[in-house]
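This briefing walks through the fold as a whole, then through helix packing, and then through single residues and peptide bonds that deserve a look in the viewer.

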Amino acid sequence: MKKDSKNSMSLNRREFLKSGSGIALFIGASGLFPVLVSCSENKKINEQLEKHQVSAWVKISEDGEIIIYNPASEMGQGSMTSLPLIFAEEMDADWSKVRVEFSPQESDIYGSPGWSPGTKMMFTVGSRTTNSYFSTMRQAGAQARFILLNSAAKHWNVPLEELTCSASVITHEKTGKEISYGELVPLLVLPDAIPDFSEEQLKQVKDFRLIGKTIPRTEIPAKVDGTAQFAIDLRLPNMVYGVLERGNLHGSKPSLLNESEILGLEGVIKIVPFDYAIGIIANNLEQALKAKSLLKIDWSTSQATGFNSEEIYDDYEKIANRTEKGSIVSEKGDFSKSLKSASKIHTADFKNDYVYHAQLEPLNSVIQVSEDLQNAEVWVGSQQGFDTKLGVPRVLGIPPENVKVHLQFLGGGFGRRSMSDFVEECAVLAKEVAPKPVKLVWTREDDLRYGTYRPQSLQRITAAIDADGTIDGFSHVVVGDGGNLVASGVDNSHYDIPNQLAEWRETSHGIRLKHWRSVGHGPNKFAIESMIDEIAFDQKIDPVVLRRNLMKEAPKALATLEKVVEMSKWNTPLKEGRAKGISFVEHGSLGTGVCEISVDRNTGKINVHHFWVALDAGIIVQPDNVKAQMEGGIMMGISSVLSERISIVNGQIQQSNFNDYSLLRMEDIPDSIEISLLESTNHPEGVGETATPMVGGAIANAFLKLTGKHLRHMPFTPERVLEALRS
């Protein structure tokens, strides 16, 4: 990193080490650097920030307060508790005295290991937060503890090995002496060297005091009493407001026909044209929205013109029929050979429509650009990204170190806030009225019509059954737009099927797409798990028995199956008109789910009464929070599987708000959701995206058991259910 960028970065972070009697312990990429600085000495702080690439730090005050900085987004998944908790566990900190704050957004400094070797990123996506930061935070916490122990040993002139610590207190049992971390602050000294602790030297699972225990989340009180700061709450002096009219045809270009009329409206400050939109800046939001409603725009055609989402499935089937293969996603054995020798072949097409993110807080950000256009501050709820400055430096043409991002709580993300389009738009507007801060707001209608969606797709599953009734071959052809957005989740590594082939065949319609919770796992696991049950149904065997045989080489997956069978009392008879369905998913964590449903045969409405999940997620940092995430994932899955869909006619999005984009209602949530977390000493895996993909298969399989009919097109709307019942 260049020296000038370090200088700017240290100035940007100065406020994080507020003046006081505390000591800052600087934590490097592999743990703590040997640097202790009084927080009252700003000059020395900046000197150390210039010398070292700091990845995080903890501040200890003489009153015992400990501030731990969290580098991840907090959007309800609990990162403001889980990551500091890991640090505090190894540090042996008194959790009641810990306070948590967001770290600066600097990926080179604060990032966790990226997806490619040697890279770092701050990206709260893919259920990777706890998984990616677990080892880093443990190492850093252990090294902080070592410095404290070393300081106490020198103060008492006793061997470090004779000291123990617990809840921010160090004890020397031989003499009965005790000293708290706060009391140690003025006595802290650096050891000659700070070790890198091996896995064996870190705490063992059996010795955890915080990890795995019931610990209230740090941000919940503020969210309950209304003091939690979301970007939508933010008000700055002299702030003005921006909105954009993006139209209802993705990729269309605007020509404004009544510019002078709009500029003459009360409160309108400026009109800002974009390639795909017309922006308006006004003194308040009401004035901006009124002006937006009066815009007269001539829209061009685009790639999406003429596209009809319902009719396109015929084309998808033709693509799936082609003999030439698409892009190979995974291959094992020789599927074509198993097909030729098969005694029976099962083939079915599974479909899913576009799905909207439906995050609660509307997209928004606040940006203030300096009068000389060389610096900017950003306030936003973001899932961050490969560029932690969220595209603002590129938009403004300034160095990244000149952009300071104040991360706020997120009112929902689900992948949508891993994009920075709304932040970049705000930067364009803010540049036009610098140095006034601008708040850009997307209305719900904006986001539904010009948002980004989980792509629609078709999955063709072909299974080859040998003479013994065993699944010998399994082919999965995915047709749709978006690469990994439609092709992820096709892996069957936990099923012992010797010959497998998965491929992606591309289509493109000019519709904006983005990662949606669990990405391609939702549609693809629905297709895979439905096919497994169709084979079991055809062979007149219990689908649990079939999966048990398939999982014989995958003991962890099998353990989740056996546990959920026990939890759900799988073999216990149900009241008339009800049935259970099962589905297995691997998405970081391993999970098997069972649901119990009934169907109103007059209206076509499916009711989900109970859902059970058994989960192996490795070491569980916050059990209550993991269960909450699984419950939320199940309900989001039910919502998307039963009702959510974006439909497009002649390129135009047909839905506009929650009046015609149907979400799960309170009256339709299950009577119970029961989660069992399997004990493990393995590295933590992600949990935020494991539950959602299992819902489609579980409901479809319960429906098959109950009615003998197949549901192969998500969402399972009442109309589609009635059609299936009549088939």
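Angles between helix axes that are under 35 degrees count as roughly parallel, those over 145 as roughly antiparallel, those from 65 to 115 as roughly perpendicular, and the rest as oblique. The model discussed here is predicted, and the chain carries 21 helices and 34 strands. The points below are grouped by topic, beginning with the chain as a whole.

**Overall dimensions and contacts**

- A compact globule of 727 residues would have a radius of gyration near 27 Å, and the chain agrees with that expectation because its own value is 28 Å.
- Taken along the principal axes, the box filled by the C-alpha atoms of the chain is roughly 80 × 75 × 45 Å.
- Of the 727 residues in the chain, 60% are buried.
- Among the contacts in the chain with a separation of 6 or more, 74% are between residues that lie 24 or more positions apart.

**Helix H20 and its contact with H19**

- Helix H19, which spans residues 623–642, packs with H20 at an angle of about 60 degrees, and the two axes are 8 Å apart.
- An angle of about 60 degrees falls in none of the named ranges for parallel, antiparallel or perpendicular pairs, and H19 and H20 are therefore oblique to each other.
- The crossing in which H19 passes H20 is right-handed.
- On the H19 side the contact is made by Ile 634, Gly 637, Ile 638, Val 641 and Leu 642, while H20 contributes Met 694, Val 695, Gly 696 and Ile 699.
- Sorted by class, the residues of this contact between H19 and H20 comprise 7 nonpolar and 2 polar residues, with no charged ones.

**Helix H20 and its contact with H16**

- Helix H16 (residues 521–539) and helix H20 (residues 694–707) have axes that come within 8 Å and cross at roughly 25 degrees, which makes H16 roughly parallel to H20.
- The crossing of H16 and H20 is right-handed.
- H16 takes part in the contact through Phe 526, Glu 529, Ser 530, Asp 533, Glu 534 and Phe 537, and H20 does so through Gly 696, Gly 697, Ala 700, Asn 701 and Leu 704.
- By class, the contact of H16 with H20 divides into 4 nonpolar, 4 polar and 3 charged residues.
- Gly 696 of H20 is listed in the contact with H16, and Gly 696 is also listed in the contact with H19.

**Cis peptide bonds**

- Ala 434 and Pro 435 are joined by a cis peptide bond with omega of about 10 degrees, and Pro 435 has its place in the loop between helix H13 (421–432) and strand E23 (438–441).
- Met 714 and Pro 715 are likewise joined by a cis peptide bond, with omega of about 0 degrees, and Pro 715 is placed in the loop between strand E34 (713–714) and helix H21 (718–726).

**Positive phi outside glycine**

- Asn 157, a residue other than glycine, has a positive phi near 60 degrees, and it lies in the loop between H5 and strand E8 (163–166).
- Asn 157 counts as exposed because its relative accessibility is 71%, and the cut-off for that class is over 50%.
- Leu 390 also has a positive phi near 60 degrees without being a glycine, and Leu 390 is found in the loop between strand E21 (384–385) and helix H12 (392–396).
- Leu 390 has a relative accessibility of 2% and so counts as buried, a class that means under 20% relative accessible area.

**Two buried polar residues**

- Asn 150 has its place in helix H5 (residues 129–156), and with a relative accessible area of 10% Asn 150 is buried.
- Once residues up to four places away in sequence are set aside, Asn 150 touches Leu 160, Val 189, Leu 190 and Pro 191.
- Ser 302 is located in the loop between strand E15 (297–299) and helix H10 (313–321), and at 16% relative accessible area Ser 302 is buried.
- Not counting neighbours within four places in sequence, Ser 302 is in contact with Leu 249, His 250, Gly 251 and Ser 252.
- From C-alpha to C-alpha, Ser 302 and Gly 182 are 64 Å apart in space, and they are 120 residues apart in sequence.

Key
Residues are numbered from 1 along each chain as its sequence is written. This is a predicted model: local features need pLDDT of at least 70, side-chain atom pairs count only at pLDDT 80 or more; totals for chains, interfaces and linings use all residues. Side-chain values use heavy atoms; hydrogens and water are left out. Axes are lines fitted to C-alpha atoms, for helices over the stretch in contact, and angles run from 0 to 180 degrees between N-to-C directions. Helices (H or I, at least four residues) and strands (E, at least two) are DSSP runs, numbered from the N terminus. A crossing is left-handed if the near helix is turned anticlockwise from the far one by less than a right angle, and right-handed if clockwise. Contact means heavy atoms within 4.5 Å. Ala, Val, Leu, Ile, Met, Phe, Trp, Tyr, Cys and Pro count as nonpolar, Asp, Glu, Lys and Arg as charged, and the others, Gly among them, as polar. The radius of gyration is taken over C-alpha atoms; the globule rule is 2.2 Å times the number of residues to the power 0.38. Buried means under 20% relative accessible area, exposed over 50%, partly exposed in between (1.4 Å probe, protein chains only).
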